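Subject: Structure handover and notes

Dear colleague,

I am passing on the structure below, together with notes on what was found in it. Please read the notes with the model open beside you.

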Amino acid sequence: MRVLHLLSQKPGNTGSGMILHALVEEARRCGHVQRTVFGWPEGDPLCKVGGMSEGLSPVSFETSPLDFPIPGMSDVMPYSSSVWSRLDEQQLERYRKVFHEHIARQVEDFQPDIIHSHHLWLMSSLLRALAPDTPIILHCHATGLRQRELCPSLAEEVALGCRLADHILVPLEDHMARVSRDLDFPMEKISLLRPGLREDLFHLNKRRAKHGRLLYAGKLSKSKGLPQLLDAMRQLPDAHLVVAGSGSGEEAAELKVRMEQMPQVHWRGPLTQGELADEMREAEVFVLPSFYEGLPLVLLEAAACGCRIVSTALEGVRKTLAPVLGSKLELVEPPAMCGIDTPETDALPAFTRRLEDSIRSSLGAESTDPPDLSSWSWPSVFARVERTWELERKKNRFP
């Protein structure tokens with residue numbers, strides 16, 4: 001098939017970006033012809049997507065007419081970004097116009113059999129008008145659902161456009177009812193698609209874990225619980241924390257300064273997937289103290305590399321990952337929340353103590369065999385994506 005992939009952000013820097021890379025790579029191995037549209041800062045060296053340097057069609061930001069950073073599906077991104085709720089109407093109109101014209105050119109030139117678009121948000125809402133006779137698959141990563149709350153002025157526009165898609169893939173069963181309700185979209189057109197694990201990268205081979213070594217990987221952001229992890233480290237003098245990730249803005253700057261002042265904390269900056277896997281094989285415990293996640297694949301990646309896991313007991317972690325990870329996982333009850341990813345300030349000290357206790361009990365715990373993650377491999381996940389593409393092509397509406 002001829003597949004047009006769409007992502008309004010930078011590929012590779014976030015969970016959805018890594019999923020785009022994996023989908024393109026698996027589709028290439030299966031012989032599909034592909035073109036990929038994504039957001040990209042003007043002047044940055046262009047990256048490969050899924051190992052491919054051909055078929056790439058970036059939309060340029062930080063240059064006219066999109067003279068602002070790429071809007072992030074999270075309000076804090078690992079690179080310079082705009083916040084959706086802070087864009088003015090002129091910026092939004094330029095965004096609609098540029099993506100409308102750019103995607104229209106790709107549809108006319110490439111003539112895709114399938115359009116696979118990431119995030120239930122503004123770019124995806126434009127697609128049906130641009131490709132009335134092409135099956136459209138939307139890939140939910142949960143952040144579009146969060147933006148509906150953070151940016152309600154765009155919620156109805158997004159719903160009106162996205163409900164015209166042919167199929168929606170969601171990472172969690174609980175998202176199915178919410179997507180159906182929020183978009184007024186038929187439940188029978190929604191499928192569960194969990195993210196895939198790169199078994200060629202995340203494995204036990206050459207594991208060399210160091211006692212007392214902790215690892216955090218993610219954005220430098222308050223919503224990820226990183227400040228509370230740093231607080232907990234002060235009560236764990238024999239432990240050493242490696243922080244992998246990046247961020248932008250005031251929050252990230254404050255966290256970088258704080259980490260520089262802590263001898264037991266080492267900030268590695270953004271890592272490739274291969275570098276992250278190496279760090280996981282050196283860590284005794286992987287810690288994710290986040291206040292909001294969809295389905296954090298990074299926990300499975302760390303477990304595949306032999307880490308024990310400490311994670312906030314978020315919905316997706318409790319319901320989907322806990323049964324898989326078993327005794328390797330230590331859950332930390334989250335604090336009371338006053339927003340979708342904002343904890344109540346008074347609840348943070350108790351959360352920090354719970355986090356500290358969980359880390360302490362995980363350090364030096366008896367080693368267990370890694371869980372069976374074969375059903376989470378990318379070939380297995382992509383086979384389900386490919387079946388969805390094929391089914392939509394076979395429907396009578398399309399030639």
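Which residues of the largest nonpolar core touch the most other members? Before the answer, a word on conventions: this is a predicted model, in which local features need pLDDT of at least 70 and side-chain atom pairs count only at pLDDT 80 or more, whereas totals for chains, interfaces and linings use all residues. Residues are numbered from 1 along each chain as its sequence is written, and side-chain values use heavy atoms, with hydrogens and water left out.

In the largest nonpolar core (a set of buried Ala, Val, Leu, Ile, Met, Phe, Trp, Tyr and Cys residues joined through side-chain atoms within 4.5 Å), which has 60 residues, the members touching the most others are Leu214, Leu241, Met280, Phe286, Leu299 and Ile359. Buried here means under 20% relative accessible area, exposed means over 50%, and partly exposed lies in between, with a 1.4 Å probe and protein chains only. Helix α11 (residues 297-304) gives the most to this core, with seven residues; helices (H or I, at least four residues) and strands (E, at least two) are DSSP runs, numbered from the N terminus. A second, separate core has 46 residues, including Trp84, Phe99, Leu154 and Val170.

Turning to the sheet, seven strands form an open arrangement in the order β3-β2-β1-β6-β7-β8-β9, with parallel pairing, where two strands pair if DSSP finds at least two bridges between them. Because β3 (56-61) and β9 (190-192) stand at the edges with a single partner strand each, one side of each is left without a neighbour in the sheet. Strand β2 (residues 33-41) pairs with β3 in the parallel sense over six bridges, and Val37 stands opposite Ser57 in β3.

His118, placed in strand β6 (residues 114-118), is buried, with a relative accessible area of 1%. The side chain of His118 makes a polar contact with that of His141 at 2.9 Å (a pair of N or O atoms within 3.5 Å; within protein, one must be able to donate a hydrogen and the other to accept it, and residues adjacent in sequence count only if both atoms are side-chain atoms).

Some backbone details may deserve a look. His119, in the loop between β6 and α3 (122-125), has a positive phi near 85 degrees although it is a residue other than glycine, and Ser64 and Pro65 are joined by a cis peptide bond with omega of about 5 degrees.

Best regards
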